[in-house]
Amino acid sequence: MKVLKSIFLILLFISSQSTLSQLRIEITGGAEDPINIAVVPIDWRLEFPQEEYLHEIIKDDLESFGEFKVLPPKGMLSFPSTEEEVFYRDWRLLNVDYLVVGHANKSEIEGELKISYFIFDIARERVIHKAIMSGSIKSIRRVAHNMSDKIYDKIQGIPGIFSTRLAYIDKPSADDKNYNLRISDIDGFNGISLFSSPQPIMSPNWSPLGDRMAYVSFEEGTSRIFIQTISTGTRSGIKLEKGINSSPNWSPNGARLAAVLSKEGNPDIFLYDLKRKNWSQITEHFGIDTEPDWSPDGKSLLFTSNRSGSPQIYQVNVRSKRVKRLTFEGTYNARARYSPDGRSIVFVHRRDGVFHIATQKIRSGKVRILTDTSLDESPTISPNGNVVIYATKRKDEDILAGITIDGKTKFILPSIRGEVREPAWSPILD
Amino acid sequence: MTLTKKSLLISLSFFIAACGSISNERASDASAVSASASGAYSDQGITSSNVLYFAYDKSDVNSEGREKIRNLAKIINKEGLNVRIEGHCDERGTREYNLALGENRAKTVAELLVINGVSSSKISTVSYGEEKPAASGSNENSWSQNRRALIKTF
């Protein structure tokens, strides 16, 4: 009996591990003027009950960064599931700006479902998008995230990011002495460990297609850059040089990695050609050059250098190798990332001894501090450019937090597992 | 160095969205696989005579540290030991920048050992940046313990 009970408990533990969200988005400061949207429960026309409700997943998605306020079903006056069943007056009364309705049917393909859905603009009284979303019945969350992306795209005019993923690194704890490189859906569900090691893991970076991950592992007693294919787990170390081998950053076309080597005696920026398997040098300076990031057009790199006496952000043209300093405010500016349009940078900025995440337009050079937390680092920008997730501290513990680039919505992503850091946002996965 | 690898298969429901089409949007499955490594390199066996501490954002060795290095150099030369120097930082500042700073610390110690007669062929250096703190906590007490170089002999 006792044995049975413990087996049951173990099974319960395993199943709850797979369904629980490991990171949870908790909004700590929201936008004042969210868009009001109603998502009517999707009419489920399949012979078995749905395990998770599509409209609830979509609600969580749309509200996760504070841009939308989703009307719950209990406040609705009617529950349409087709275009014909919609009465605009019902929704105008509820001050709804947009409405989503739909119905789910079994697909001709075994194990799949099809959702016919419609997005309405209530003020203009018209359908702005109608489509059929199909996908695996077993992966209902993914289907819902894809619908959320479409809804976001049709209303905001930029791609949704609810199907993207987040990589991060677990700090060793009393429960797990290993460093873990994990990836999960952006809402924290479907978390898995990609790589686990008793030695540090650093600087995860997604390939442009989102199918591989580059990172630094100390498993051989020294820093080395590894590339791992996510679907197969196959991993290999790239050509090791003497000294630091670190800070990998994938070129937009996927052919090269920018990285840092100190084989010449001090850290400089190098490029690694993934096909030819060789290194070429980009910067050459006796100071520290580190933290490269490719511009979206693949023509230049951002990097951090202390060549002026304190760490500042520079840009180097990959072909001409001409270097230009970008930051001038303050005595600590580091770990910069380009915005997806290549016109702004987001980076770590120290002011009055406190490390914040800041942004500046490359041309104007004016710094705007985004975060009011401290010891902030490792900013990563959503592929649509709207949100920044970064690592920070809460009561001495490593946690992830986020902020929309307009500064309106702030949130934290506490982990149920322990302390986490080094977030890396995936590209849009398609 | 012992390195054992094991692979653990974790199935993951992973859809890939095909966007752009007006009438038909679909998703498909894929899976992900996990890997792990195990190895040595702990701080075990380290005594105060093998640890040097540094000021914030600095890699200069103070007079107390130089004294330690002189004493260690004598033992290393007498017993024909090899040396591995690990540079570490506190958590302030970015991780990759700290990795570079930790290397400067390790290299400074290596140079001082060479000045004290240790052959450079016997010395290896590694930086762990801020990845392996000796003390947790975001305060000067912890930070001062974490800005260190470890001199490991074998």
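The exercises below work through a predicted model, and each is followed by a solution in steps.

**Exercise 1. The overall build of chain A**

Work out how many helices and strands chain A has, and how its radius of gyration stands against the globule rule.

*Solution.* Begin with the secondary structure of chain A, which comes to four helices and 31 strands. Next, take the radius of gyration of chain A, which is 23 Å, and set it beside the 22 Å that the globule rule gives for 430 residues; because the two values are close, chain A is as compact as a globular protein of that length. The C-alpha trace of chain A can also be described along its principal axes, where it spans about 70 × 65 × 45 Å. Finally, of the 430 residues of chain A, 50% count as buried, and among the contacts in chain A with a separation of 6 or more, 43% are made by residues 24 or more positions apart.

**Exercise 2. The two domains of chain A**

State into which domains chain A is divided, and describe how domain 1 of chain A meets domain 2 of chain A.

*Solution.* The first step is to find the bounds: domain 1 of chain A covers 31-156, and domain 2 of chain A covers 166-425. The second step is to place them relative to each other, and here the C-alpha centres of domain 1 and domain 2 of chain A lie 36 Å apart. The third step is to look at the contacts, in which seven residues of domain 1 of chain A take part together with six residues of domain 2 of chain A. On the side of domain 1 of chain A that touches domain 2 of chain A, the residues divide into two nonpolar, two polar and three charged.

**Exercise 3. Strand β17 and its two partners**

Determine which strands of chain A pair with β17(A), and in what sense they run.

*Solution.* Start with strand β16 (residues 256-261) of chain A, which is joined to β17(A) by six bridges, the two strands running antiparallel. One of the bridge pairs sets Leu261(A) against Asp268(A) in β17(A). The hairpin of β16(A) and β17(A) has six residues between the strands, and in this hairpin Gly265(A) takes a positive phi near 115°.

Then turn to strand β18 (residues 278-281) of chain A, which pairs with β17(A) in the antiparallel sense over four bridges. Here Asp273(A) stands opposite Asn278(A) in β18(A). The hairpin of β17(A) and β18(A) has four residues between the strands, and Lys277(A), found in the loop between β17 and β18 of chain A, has a phi near 55°, a positive value in a residue other than glycine.

To finish, consider burial: five of the six residues of β17(A) (residues 268-273) are buried, so this strand is largely enclosed by the rest of the structure.

**Exercise 4. Two residues with positive phi**

Decide for Lys277(A) and for Glu422(A) whether each counts as buried or exposed.

*Solution.* A residue is exposed if 12 or fewer other C-beta atoms lie within 10 Å of its own, and buried if 20 or more do. Lys277(A) has 9 C-beta neighbours inside 10 Å, and therefore counts as exposed. Glu422(A), which is found in strand β31 (residues 420-425) of chain A, has 24 other C-beta atoms within 10 Å and is therefore buried. Glu422(A) also has a positive phi, near 50°, although Glu422(A) is a residue other than glycine.

**Exercise 5. Helices in both chains**

Compare the end-to-end span of helix α2 (residues 95-115) of chain B with the expected span, and then examine α4(A) in the same manner.

*Solution.* At 1.5 Å a residue, the 21 residues of α2(B) should span 30 Å, and because the end C-alpha atoms are 30 Å apart, the span agrees with the expectation. Of these 21 residues, 17 are buried, so α2(B) is largely enclosed by the rest of the structure. Just after α2(B), Gly117(B) takes a positive phi of about 95°.

Helix α4 (residues 140-156) of chain A has 17 residues and reaches 24 Å from its first C-alpha to its last, close to the 24 Å expected. This helix, α4(A), is mostly covered, with 14 of its 17 residues buried, and Gly157(A), which follows α4(A), has a positive phi near 80°.

Note on methods: Residues are numbered from 1 along each chain as its sequence is written. Chains are lettered from A and ligands numbered from 1 in the order in which they are written. This is a predicted model: local features need pLDDT of at least 70, side-chain atom pairs count only at pLDDT 80 or more; totals for chains, interfaces and linings use all residues. Domain bounds come from an automatic or database domain assignment. Ala, Val, Leu, Ile, Met, Phe, Trp, Tyr, Cys and Pro count as nonpolar, Asp, Glu, Lys and Arg as charged, and the others, Gly among them, as polar. The expected span of a helix is 1.5 Å times one less than its number of residues. Two strands pair if DSSP finds at least two bridges between them. The radius of gyration is taken over C-alpha atoms; the globule rule is 2.2 Å times the number of residues to the power 0.38.
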